[in-house]
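Could you walk me through this structure, beginning with a single residue and working outward to the whole chain?

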Amino acid sequence: MVRYTFSRELRLLTPGDFKPVFANPVRAASPQLTLLAIPNGHDHPRLGLTVAKKHVKKACRRNRIKRVVRDSFRLQQHQLPAVDIVVIAKKGVDELDNAALHKLTEKLWRKLSRRCNES
């Protein structure tokens, strides 16, 4: 049975988890979001999120963005390769509604999977 949870093992938690991803990542980007990924030693993908206060001022909007991206990851995790992914929110991401943000993240997951499988 396939499980669609977002447990602790699927998260990047410490700065030590995030740091290697920024070194030499595979990128998938849009004007609102950038996804960075590197292969990990696990048999599943892991997700880390950065939504800067500089780009999204209100905490409730930052939390909404993180919630939608996490939900999208939770549903797509079984199609993703075993990589560590950091999602970086850019200016203008808070202007997207939930459906548009979900659609954008799904498109970026596909693009990232394709690029990771090529390299």
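Leu108 makes a good starting point: leaving out residues up to four places away in sequence, Leu108 touches Ala28, Ala29, Ser30, Leu33 and Leu35. Keep in mind as you read that this is a predicted model. Leu108 sits in helix H3 and has a relative accessible area of 1%. The cut-off for buried is under 20%, so Leu108 counts as buried. For a sense of distance, take Gln79, which is 29 residues from Leu108 in sequence and 12 Å from it in space, C-alpha to C-alpha.

Two of the residues that Leu108 touches deserve a visit of their own. Ala29 belongs to strand E1. Is Ala29 buried or partly exposed? With a relative accessible area of 39%, Ala29 is partly exposed. Beyond its neighbours within four places in sequence, Ala29 is in contact with Thr34, Lys90, Leu108 and Lys111. Ala29 and Leu104 are 75 residues apart along the chain, yet their C-alpha atoms are separated by 10.0 Å.

Leu33 has a list of contacts that takes in several parts of the sequence. Not counting residues up to four places away, Leu33 touches Ala28, Val87, Ile88, Ala89, Lys90, Val93, Leu101, Leu104, Thr105 and Leu108. Its bridge partner in E4 is Ala89. That pairing leads us to the sheet.

The sheet is open and built from 4 strands in the order E1-E2-E4-E3, with mixed pairing. E1 (26–29) and E3 (46–50) are the edge strands, and each has a single partner, so one side of each is left without a neighbour in the sheet. From one strand to the next, the twist averages 20°. As general background, the strands of a sheet pair through backbone hydrogen bonds, either parallel or antiparallel.

Let us follow the pairings one by one. E1 and E2 form a hairpin with 3 residues between them, and they pair in the antiparallel sense over 4 bridges. Within this hairpin, Ala28 stands opposite Leu35 in E2. E2 (residues 33–39) is in turn joined to E4 (residues 83–89) by 7 bridges, and these two strands also run antiparallel. Besides the pair of Leu33 and Ala89, Pro39 stands opposite Val83 in E4. How many of the 7 residues of E2 are buried? The count is 6, so E2 is largely enclosed by the rest of the structure.

Now for the helices that meet this sheet. Helix H2 (residues 59–76) packs on the sheet, where it touches E3 and E4, and its direction makes about 165° with that of E3. Helix H3 (residues 98–118), the home of Leu108, lies across E1, E2, E3 and E4 and runs at about 150° to E1.

What lies between these elements can be described through the nonpolar cores. In soluble globular proteins, nonpolar side chains tend to be buried together. Here the largest nonpolar core has 27 residues, and those with the most contacts inside it are Leu33, Leu35, Phe73, Ile85, Val87, Trp109 and Leu112. At least two residues of this core come from each of E1, E2, H2, E4 and H3. H3 gives the most, with 6 residues. There is also a second, separate core of 6 residues, which includes Leu12, Leu36, Ile38 and Val86. In a regular strand, side chains alternate between the two faces of the sheet. With that in mind, you may like to look at E2 again: Leu33 and Leu35 are among the best-connected residues of the largest core, whereas Leu36 and Ile38 are in the second one.

Finally, step back to the whole chain. It has 3 helices and 4 strands, which run α-β-β-β-α-β-α from the N terminus on. For 119 residues, a compact globule would have a radius of gyration near 14 Å, and the 13 Å of this chain agrees with that. Along the principal axes, the C-alpha atoms fill a box of roughly 35 × 35 × 25 Å. Of the 119 residues, 46% count as buried. Among contacts with a separation of 6 or more, residues 24 or more positions apart account for 81%. The accessible surface comes to about 7,100 Å², and carbon and sulfur atoms hold 51% of it.

Terms used
Residues are numbered from 1 along each chain as its sequence is written. This is a predicted model: local features need pLDDT of at least 70, side-chain atom pairs count only at pLDDT 80 or more; totals for chains, interfaces and linings use all residues. Side-chain values use heavy atoms; hydrogens and water are left out. Two strands pair if DSSP finds at least two bridges between them. Axes are lines fitted to C-alpha atoms, for helices over the stretch in contact, and angles run from 0 to 180 degrees between N-to-C directions. Contact means heavy atoms within 4.5 Å. Buried means under 20% relative accessible area, exposed over 50%, partly exposed in between (1.4 Å probe, protein chains only). The radius of gyration is taken over C-alpha atoms; the globule rule is 2.2 Å times the number of residues to the power 0.38. Accessible areas come from the Shrake-Rupley method with a 1.4 Å probe; for residues, only the protein chains shown count as cover. A nonpolar core is a set of buried Ala, Val, Leu, Ile, Met, Phe, Trp, Tyr and Cys residues joined through side-chain atoms within 4.5 Å.
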